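Subject: Structure for you to look at

Dear colleague,

I am passing on the structure we spoke about, and below it you will find my notes on what turned up when I went through it. Please read them with the model open beside you.

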Amino acid sequence: MEKEKKVGIRRRFNVLDAVLILLAVLCIVGVWQRKNLQELFASGETLEEYTITFEVRELRSTTVDLLTKDTAFYLVDGEDTVALGTLTENVSASAATVYLQKPDDGETVEAVYPQDEYDYRLDVKGALACRGTLHEEHFHVEGKVHLTVNQVIRIYSEKVDLEIRITGIERVE
Amino acid sequence: MNHEKNDSALQGEQTPRRKRGFGKQPSSDHEKKDQSRRWLFWTVDILLVVAIVAAVLVAVSLLTPFSLFGSGEDELRSITYTVEFVGVDSEQVSQLKVGDTVTDVKTGSVIGTVSAINNRPYEVYTDTPIPDKELGEDVYVVGTYTYPDSYVTLTVTISVTAEYRAGLGYSAEDCRIAVGSEYELRFPSYTASGSCIGMRE
(Lines give C-alpha, C1' and ligand atoms only; values in the text may rest on other atoms or scores of the structure.)
Protein backbone atom coordinates (compact mmCIF):
# COMPACT_ATOMS: atom_id res chain seq x y z
CA MET A 1 0.00 0.00 0.00
CA GLU A 2 2.75 2.34 1.02
CA LYS A 3 4.76 1.21 -1.99
CA GLU A 4 1.84 1.97 -4.31
CA LYS A 5 1.45 5.34 -2.65
CA LYS A 6 5.15 6.02 -3.23
CA VAL A 7 4.93 5.10 -6.91
CA GLY A 8 1.76 7.14 -7.30
CA ILE A 9 3.40 10.22 -5.83
CA ARG A 10 6.42 9.81 -8.11
CA ARG A 11 4.15 9.68 -11.14
CA ARG A 12 2.40 13.00 -10.24
CA PHE A 13 5.55 15.07 -10.78
CA ASN A 14 5.91 14.73 -14.53
CA VAL A 15 6.87 16.50 -17.75
CA LEU A 16 3.88 18.81 -17.56
CA ASP A 17 5.06 20.17 -14.23
CA ALA A 18 8.52 20.74 -15.67
CA VAL A 19 7.02 22.62 -18.62
CA LEU A 20 4.98 24.80 -16.31
CA ILE A 21 8.00 25.61 -14.16
CA LEU A 22 9.90 26.50 -17.34
CA LEU A 23 7.05 28.79 -18.39
CA ALA A 24 7.19 30.48 -15.00
CA VAL A 25 10.89 31.10 -15.40
CA LEU A 26 10.35 32.45 -18.94
CA CYS A 27 7.67 34.80 -17.66
CA ILE A 28 9.96 36.12 -14.96
CA VAL A 29 12.68 36.71 -17.56
CA GLY A 30 10.12 38.35 -19.83
CA VAL A 31 9.08 40.74 -17.09
CA TRP A 32 12.71 41.57 -16.38
CA GLN A 33 13.44 42.23 -20.08
CA ARG A 34 10.08 43.81 -20.85
CA LYS A 35 11.58 47.02 -22.25
CA ASN A 36 13.69 45.23 -24.80
CA LEU A 37 10.77 43.04 -25.77
CA GLN A 38 8.56 46.11 -26.21
CA GLU A 39 11.14 47.69 -28.52
CA LEU A 40 11.41 44.49 -30.48
CA PHE A 41 7.66 44.28 -30.98
CA ALA A 42 7.32 47.99 -31.69
CA SER A 43 10.00 48.62 -34.29
CA GLY A 44 10.72 45.26 -35.74
CA GLU A 45 13.88 46.87 -37.21
CA THR A 46 17.32 47.19 -35.74
CA LEU A 47 18.02 50.69 -34.44
CA GLU A 48 21.29 52.23 -35.56
CA GLU A 49 23.39 54.99 -34.06
CA TYR A 50 22.92 58.50 -35.49
CA THR A 51 24.04 62.01 -34.67
CA ILE A 52 21.55 64.87 -34.93
CA THR A 53 23.13 68.33 -35.08
CA PHE A 54 21.07 71.36 -34.18
CA GLU A 55 21.17 75.07 -33.54
CA VAL A 56 19.28 77.45 -31.31
CA ARG A 57 19.39 81.19 -31.76
CA GLU A 58 19.24 83.93 -29.14
CA LEU A 59 19.18 81.59 -26.18
CA ARG A 60 19.50 83.04 -22.72
CA SER A 61 22.83 82.24 -21.08
CA THR A 62 21.18 80.74 -17.99
CA THR A 63 19.59 78.16 -20.27
CA VAL A 64 22.82 77.45 -22.10
CA ASP A 65 24.46 76.63 -18.76
CA LEU A 66 22.09 73.65 -18.49
CA LEU A 67 23.08 72.17 -21.87
CA THR A 68 26.00 70.04 -20.79
CA LYS A 69 27.49 66.83 -22.09
CA ASP A 70 25.36 63.71 -21.55
CA THR A 71 22.18 65.70 -20.88
CA ALA A 72 19.37 63.45 -22.07
CA PHE A 73 16.57 64.89 -24.17
CA TYR A 74 13.21 63.53 -25.19
CA LEU A 75 10.33 64.67 -27.31
CA VAL A 76 6.62 64.19 -27.02
CA ASP A 77 4.74 62.50 -29.83
CA GLY A 78 1.06 62.53 -29.04
CA GLU A 79 0.82 60.76 -25.73
CA ASP A 80 4.16 59.01 -26.08
CA THR A 81 7.46 60.17 -24.71
CA VAL A 82 10.27 59.29 -27.13
CA ALA A 83 13.92 59.36 -26.17
CA LEU A 84 15.76 61.72 -28.49
CA GLY A 85 19.31 61.18 -27.31
CA THR A 86 22.06 62.73 -25.25
CA LEU A 87 24.34 65.67 -25.93
CA THR A 88 27.66 64.39 -27.21
CA GLU A 89 29.47 67.32 -25.59
CA ASN A 90 28.77 70.75 -24.08
CA VAL A 91 27.09 72.95 -26.68
CA SER A 92 29.23 75.55 -28.41
CA ALA A 93 27.98 79.09 -27.90
CA SER A 94 28.77 82.47 -29.40
CA ALA A 95 27.30 85.91 -28.87
CA ALA A 96 23.93 86.06 -30.58
CA THR A 97 23.81 88.29 -33.63
CA VAL A 98 21.15 89.64 -35.93
CA TYR A 99 21.28 91.48 -39.25
CA LEU A 100 19.96 95.01 -39.08
CA GLN A 101 19.85 98.01 -41.38
CA LYS A 102 21.69 101.17 -40.51
CA PRO A 103 19.20 104.06 -40.48
CA ASP A 104 21.54 106.56 -42.13
CA ASP A 105 22.63 104.73 -45.27
CA GLY A 106 20.50 101.56 -45.18
CA GLU A 107 23.58 99.33 -45.08
CA THR A 108 22.91 95.91 -43.54
CA VAL A 109 25.28 95.06 -40.74
CA GLU A 110 25.59 92.20 -38.30
CA ALA A 111 24.85 93.44 -34.78
CA VAL A 112 25.65 91.64 -31.53
CA TYR A 113 23.14 91.52 -28.72
CA PRO A 114 24.44 93.56 -25.81
CA GLN A 115 25.43 91.64 -22.71
CA ASP A 116 24.47 92.78 -19.27
CA GLU A 117 24.08 91.18 -15.89
CA TYR A 118 20.47 90.21 -16.58
CA ASP A 119 20.36 89.19 -20.17
CA TYR A 120 23.03 87.54 -22.20
CA ARG A 121 21.91 86.08 -25.50
CA LEU A 122 23.82 83.33 -27.25
CA ASP A 123 23.61 81.40 -30.50
CA VAL A 124 24.18 77.75 -29.74
CA LYS A 125 25.13 74.65 -31.73
CA GLY A 126 25.09 71.11 -30.45
CA ALA A 127 24.85 67.43 -31.34
CA LEU A 128 22.70 64.63 -29.98
CA ALA A 129 23.66 60.96 -30.08
CA CYS A 130 20.54 58.97 -30.78
CA ARG A 131 19.21 55.76 -32.33
CA GLY A 132 16.93 55.45 -35.28
CA THR A 133 16.08 53.85 -38.56
CA LEU A 134 16.45 55.14 -42.10
CA HIS A 135 13.94 53.85 -44.58
CA GLU A 136 13.60 55.36 -48.09
CA GLU A 137 15.37 58.52 -46.88
CA HIS A 138 12.94 58.87 -43.97
CA PHE A 139 14.72 59.00 -40.65
CA HIS A 140 12.74 57.87 -37.60
CA VAL A 141 14.26 58.44 -34.21
CA GLU A 142 13.81 55.32 -32.06
CA GLY A 143 12.00 53.96 -35.08
CA LYS A 144 9.00 56.07 -34.11
CA VAL A 145 9.15 59.79 -34.96
CA HIS A 146 10.00 61.15 -38.40
CA LEU A 147 12.61 63.92 -38.25
CA THR A 148 14.14 65.96 -41.08
CA VAL A 149 16.81 68.59 -41.55
CA ASN A 150 15.54 72.16 -41.02
CA GLN A 151 12.69 70.88 -38.87
CA VAL A 152 12.01 72.87 -35.70
CA ILE A 153 11.07 70.65 -32.80
CA ARG A 154 10.44 71.16 -29.12
CA ILE A 155 12.60 68.98 -26.93
CA TYR A 156 12.77 68.43 -23.20
CA SER A 157 15.36 67.48 -20.65
CA GLU A 158 14.93 67.20 -16.89
CA LYS A 159 15.41 70.93 -16.48
CA VAL A 160 15.02 72.58 -19.87
CA ASP A 161 12.37 73.03 -22.56
CA LEU A 162 13.95 74.04 -25.83
CA GLU A 163 13.10 74.61 -29.48
CA ILE A 164 15.85 73.49 -31.82
CA ARG A 165 16.34 73.58 -35.54
CA ILE A 166 17.83 70.37 -36.90
CA THR A 167 20.81 71.12 -39.11
CA GLY A 168 21.99 67.58 -39.86
CA ILE A 169 21.27 63.87 -39.39
CA GLU A 170 24.26 61.56 -39.87
CA ARG A 171 24.67 57.87 -39.33
CA VAL A 172 27.55 56.93 -37.06
CA GLU A 173 29.93 54.55 -38.84
CA MET B 1 13.44 -4.77 33.50
CA ASN B 2 13.84 -8.16 31.94
CA HIS B 3 12.41 -9.68 35.06
CA GLU B 4 9.36 -7.51 34.68
CA LYS B 5 8.92 -8.66 31.19
CA ASN B 6 9.17 -12.27 32.08
CA ASP B 7 6.71 -11.74 34.84
CA SER B 8 4.11 -10.20 32.54
CA ALA B 9 4.66 -12.95 29.98
CA LEU B 10 4.09 -15.52 32.63
CA GLN B 11 0.91 -13.75 33.58
CA GLY B 12 -0.39 -14.07 30.02
CA GLU B 13 -0.18 -10.43 29.09
CA GLN B 14 0.96 -9.78 25.59
CA THR B 15 3.35 -6.97 25.03
CA PRO B 16 2.93 -5.32 21.73
CA ARG B 17 5.40 -6.51 19.20
CA ARG B 18 7.73 -4.03 17.74
CA LYS B 19 6.90 -3.50 14.12
CA ARG B 20 9.78 -3.94 11.75
CA GLY B 21 10.36 -1.89 8.64
CA PHE B 22 7.43 0.60 9.09
CA GLY B 23 7.47 0.62 12.84
CA LYS B 24 7.21 3.73 14.98
CA GLN B 25 10.66 5.06 14.20
CA PRO B 26 10.54 4.26 10.47
CA SER B 27 6.97 5.61 10.41
CA SER B 28 8.18 9.11 11.36
CA ASP B 29 10.68 8.96 8.47
CA HIS B 30 7.80 8.11 6.18
CA GLU B 31 5.83 11.03 7.51
CA LYS B 32 8.82 13.28 6.94
CA LYS B 33 9.06 12.09 3.36
CA ASP B 34 5.37 12.70 2.89
CA GLN B 35 5.76 16.16 4.31
CA SER B 36 8.66 17.02 2.00
CA ARG B 37 6.61 15.78 -0.95
CA ARG B 38 3.76 17.96 0.16
CA TRP B 39 6.13 20.95 0.21
CA LEU B 40 7.23 20.05 -3.29
CA PHE B 41 3.68 20.14 -4.53
CA TRP B 42 3.06 23.39 -2.72
CA THR B 43 6.12 24.84 -4.44
CA VAL B 44 4.90 23.70 -7.83
CA ASP B 45 1.47 25.15 -7.15
CA ILE B 46 2.96 28.47 -6.07
CA LEU B 47 5.16 28.57 -9.16
CA LEU B 48 2.08 27.89 -11.26
CA VAL B 49 0.27 30.81 -9.71
CA VAL B 50 3.34 33.04 -10.13
CA ALA B 51 3.62 31.98 -13.77
CA ILE B 52 0.00 32.84 -14.47
CA VAL B 53 0.21 36.18 -12.69
CA ALA B 54 3.48 37.06 -14.43
CA ALA B 55 2.04 36.10 -17.82
CA VAL B 56 -0.92 38.39 -17.24
CA LEU B 57 1.34 41.26 -16.13
CA VAL B 58 3.64 40.86 -19.12
CA ALA B 59 0.69 40.72 -21.52
CA VAL B 60 -0.85 43.85 -20.03
CA SER B 61 2.48 45.68 -20.06
CA LEU B 62 3.28 44.76 -23.64
CA LEU B 63 -0.12 45.15 -25.21
CA THR B 64 -1.53 48.15 -23.44
CA PRO B 65 -0.15 51.62 -22.61
CA PHE B 66 -0.79 50.84 -18.98
CA SER B 67 2.31 49.69 -17.18
CA LEU B 68 1.63 47.87 -13.96
CA PHE B 69 5.26 48.23 -13.01
CA GLY B 70 5.17 52.00 -13.14
CA SER B 71 7.56 54.11 -15.13
CA GLY B 72 9.48 55.13 -12.09
CA GLU B 73 8.87 56.42 -8.68
CA ASP B 74 8.51 60.14 -8.02
CA GLU B 75 10.91 61.64 -5.56
CA LEU B 76 10.11 64.87 -3.74
CA ARG B 77 12.70 67.63 -4.06
CA SER B 78 12.75 71.27 -2.99
CA ILE B 79 13.55 73.62 -5.83
CA THR B 80 13.44 77.32 -6.53
CA TYR B 81 12.77 78.68 -9.98
CA THR B 82 12.54 82.17 -11.43
CA VAL B 83 9.89 83.45 -13.77
CA GLU B 84 10.34 86.71 -15.67
CA PHE B 85 7.44 88.98 -16.60
CA VAL B 86 8.22 91.78 -19.04
CA GLY B 87 6.44 95.07 -19.57
CA VAL B 88 4.66 95.01 -16.21
CA ASP B 89 2.87 98.18 -15.12
CA SER B 90 5.03 99.41 -12.26
CA GLU B 91 1.98 100.48 -10.24
CA GLN B 92 0.74 96.89 -10.17
CA VAL B 93 3.97 95.41 -8.79
CA SER B 94 2.71 96.02 -5.25
CA GLN B 95 -0.03 93.43 -5.91
CA LEU B 96 2.64 90.75 -5.56
CA LYS B 97 3.99 89.83 -2.15
CA VAL B 98 6.52 87.38 -0.79
CA GLY B 99 4.59 84.43 0.57
CA ASP B 100 1.88 84.56 -2.10
CA THR B 101 0.67 81.21 -3.37
CA VAL B 102 1.23 80.69 -7.08
CA THR B 103 -1.18 78.80 -9.32
CA ASP B 104 -0.67 77.78 -12.93
CA VAL B 105 -3.74 78.96 -14.83
CA LYS B 106 -3.53 76.25 -17.50
CA THR B 107 -3.46 73.25 -15.19
CA GLY B 108 -4.93 74.77 -12.06
CA SER B 109 -1.98 73.37 -10.12
CA VAL B 110 -0.51 75.14 -7.13
CA ILE B 111 3.12 75.44 -8.14
CA GLY B 112 4.77 77.13 -5.22
CA THR B 113 5.14 80.14 -3.01
CA VAL B 114 6.77 83.46 -3.86
CA SER B 115 10.10 83.73 -2.09
CA ALA B 116 11.57 86.83 -3.76
CA ILE B 117 10.49 89.67 -6.06
CA ASN B 118 12.82 91.89 -8.05
CA ASN B 119 12.27 94.41 -10.77
CA ARG B 120 14.41 96.42 -13.18
CA PRO B 121 13.70 98.90 -15.97
CA TYR B 122 11.88 97.37 -18.93
CA GLU B 123 14.20 97.32 -21.90
CA VAL B 124 13.51 96.08 -25.42
CA TYR B 125 15.71 95.52 -28.42
CA THR B 126 15.28 97.78 -31.42
CA ASP B 127 15.97 97.31 -35.10
CA THR B 128 18.76 99.89 -34.99
CA PRO B 129 22.41 98.80 -34.91
CA ILE B 130 24.61 100.95 -32.71
CA PRO B 131 28.37 101.14 -33.33
CA ASP B 132 30.36 100.04 -30.29
CA LYS B 133 33.91 101.37 -30.42
CA GLU B 134 34.85 99.46 -27.25
CA LEU B 135 34.22 96.15 -28.97
CA GLY B 136 36.11 97.20 -32.06
CA GLU B 137 35.96 99.04 -35.33
CA ASP B 138 32.86 98.35 -37.39
CA VAL B 139 31.32 96.36 -34.57
CA TYR B 140 27.70 97.01 -33.96
CA VAL B 141 25.40 96.10 -31.11
CA VAL B 142 21.65 95.77 -31.27
CA GLY B 143 20.09 98.97 -30.04
CA THR B 144 17.94 98.98 -26.94
CA TYR B 145 15.13 101.19 -25.76
CA THR B 146 14.34 101.61 -22.09
CA TYR B 147 10.73 102.27 -21.30
CA PRO B 148 9.90 105.01 -18.87
CA ASP B 149 9.53 104.06 -15.21
CA SER B 150 5.92 103.16 -15.76
CA TYR B 151 6.95 99.76 -17.04
CA VAL B 152 9.32 97.25 -15.51
CA THR B 153 10.65 93.75 -15.99
CA LEU B 154 9.67 91.68 -13.00
CA THR B 155 11.47 88.54 -11.84
CA VAL B 156 9.66 86.39 -9.31
CA THR B 157 11.43 83.57 -7.50
CA ILE B 158 9.16 80.73 -6.45
CA SER B 159 9.87 77.90 -4.04
CA VAL B 160 8.16 74.56 -4.25
CA THR B 161 8.55 70.92 -3.23
CA ALA B 162 8.26 69.27 -6.62
CA GLU B 163 8.00 65.69 -7.76
CA TYR B 164 11.12 64.60 -9.53
CA ARG B 165 11.27 61.69 -11.93
CA ALA B 166 14.61 60.69 -13.41
CA GLY B 167 14.81 61.46 -17.11
CA LEU B 168 11.64 63.52 -17.12
CA GLY B 169 12.27 66.29 -14.62
CA TYR B 170 10.20 68.24 -12.14
CA SER B 171 6.52 68.82 -11.77
CA ALA B 172 4.27 70.37 -9.17
CA GLU B 173 0.94 68.55 -9.21
CA ASP B 174 0.27 68.35 -12.96
CA CYS B 175 2.45 71.27 -14.02
CA ARG B 176 5.90 70.65 -15.44
CA ILE B 177 8.54 73.08 -14.22
CA ALA B 178 11.49 73.69 -16.53
CA VAL B 179 13.66 76.53 -17.77
CA GLY B 180 12.26 77.81 -21.04
CA SER B 181 8.66 76.90 -20.24
CA GLU B 182 6.01 79.59 -20.62
CA TYR B 183 3.47 80.07 -17.84
CA GLU B 184 0.39 82.07 -17.09
CA LEU B 185 0.52 82.42 -13.33
CA ARG B 186 -2.14 83.54 -10.93
CA PHE B 187 -1.28 85.11 -7.60
CA PRO B 188 -3.89 86.04 -4.99
CA SER B 189 -4.36 89.49 -6.50
CA TYR B 190 -2.46 89.41 -9.78
CA THR B 191 -2.11 87.38 -12.97
CA ALA B 192 0.71 87.54 -15.50
CA SER B 193 2.37 85.55 -18.28
CA GLY B 194 6.06 84.94 -18.35
CA SER B 195 8.79 82.38 -18.87
CA CYS B 196 10.99 80.40 -16.52
CA ILE B 197 14.55 81.68 -16.82
CA GLY B 198 16.31 79.76 -14.08
CA MET B 199 16.03 76.84 -11.69
CA ARG B 200 18.01 75.63 -8.73
CA GLU B 201 17.74 72.67 -6.37
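Two strands are taken to pair if DSSP finds at least two bridges between them. Please keep in mind throughout that this is a predicted model.

Between the chains

With that criterion in hand, β6(A) and strand β5 (residues 140-146) of chain B pair in the parallel sense over two bridges, and within this pairing Ala111(A) stands opposite Tyr140(B). The wider interface brings 38 residues of chain A into contact with 33 residues of chain B. On the side of chain A that touches chain B, at least two residues each are supplied by α1 (2-12), α2 (15-32), α3 (34-43), α4, β5 (97-101), β6 (108-112) and β11 of chain A, and the largest share, nine residues, comes from α2(A). Sorted by character, the residues on this side of chain A divide into 25 nonpolar, five polar and eight charged.

Strand pairing in chain A

Strand β11 (residues 161-171) of chain A pairs with strand β1 (residues 48-60) of chain A in the antiparallel sense, over six bridges, and here Glu55(A) stands opposite Arg165(A) of β11(A). Strand β10 (residues 152-156) of chain A also runs antiparallel to β11(A), to which five bridges join it, and in this pair Ile155(A) is set opposite Leu162(A). The strands β10(A) and β11(A) form a hairpin, with four residues between them.

The architecture of chain B

Chain B contains two helices and ten strands, and along the sequence these follow the pattern α-α-β-β-β-β-β-β-β-β-β-β. Of the 201 residues in chain B, buried residues make up 19%. Among the contacts in chain B with a separation of 6 or more, 61% are accounted for by residues 24 or more positions apart.

Towards the end of that pattern, strand β9 (residues 182-187) of chain B takes part in two antiparallel pairings. Two bridges join β9(B) to strand β2 (residues 101-104) of chain B, where Thr103(B) stands opposite Arg186(B), while six bridges join β9(B) to strand β10 (residues 190-200) of chain B, where Tyr183(B) stands opposite Gly194(B). A hairpin through two residues connects β9(B) to β10(B).

The nonpolar core

The largest nonpolar core has 50 residues, and those with the most contacts inside it are Leu84(A), Val83(B), Ile158(B), Ile177(B) and Cys196(B). The largest share of this core, six residues, comes from strand β6 (residues 151-165) of chain B. For Leu84(A), once its neighbours within four places in sequence are left aside, the residues in contact are Phe73(A), Tyr74(A), Leu75(A), Leu128(A), Cys130(A), Val141(A) and Ile155(A). Ile155(A) is the residue already mentioned as standing opposite Leu162(A) in β11(A).

Loops and backbone angles

Two residues drew my attention by their backbone angles. As background, most residues other than glycine have a negative phi. Phi of Asp70(A), however, is near 75°, a positive value in a residue other than glycine. Asp70(A) is placed in the loop between α4 (61-64) and β2 (72-77) of chain A, and it counts as exposed because only 12 or fewer neighbours are allowed for that class and Asp70(A) has 10 other C-beta atoms within 10 Å.

Lys69(A) is found in the same loop, between α4 and β2 of chain A, and Lys69(A) is likewise exposed, since it has 11 C-beta neighbours inside 10 Å. Lys69(A) and Leu87(A) are 18 residues apart in sequence, yet they are 5.1 Å apart in space, C-alpha to C-alpha. Apart from its neighbours within four places in sequence, Lys69(A) is in contact with Leu87(A), Glu89(A) and Asn90(A).

In chain B, phi of Glu173(B) is near 55°, again a positive value in a residue other than glycine. Glu173(B) lies in the loop between β7 (169-172) and β8 (175-177) of chain B, and with 14 C-beta neighbours inside 10 Å it counts as partly exposed.

With best regards

Key:
Residues numbered from 1 in each chain as written. Chains lettered and ligands numbered in written order. Predicted model: local features only at pLDDT ≥ 70, side-chain atom pairs only at ≥ 80, totals over all residues. Buried ≥ 20, exposed ≤ 12 C-beta atoms within 10 Å, placed from the backbone. Contact = placed C-beta atoms within 7 Å. Nonpolar A, V, L, I, M, F, W, Y, C, P; charged D, E, K, R; others polar. Core = buried A, V, L, I, M, F, W, Y, C linked by C-beta atoms within 7 Å.
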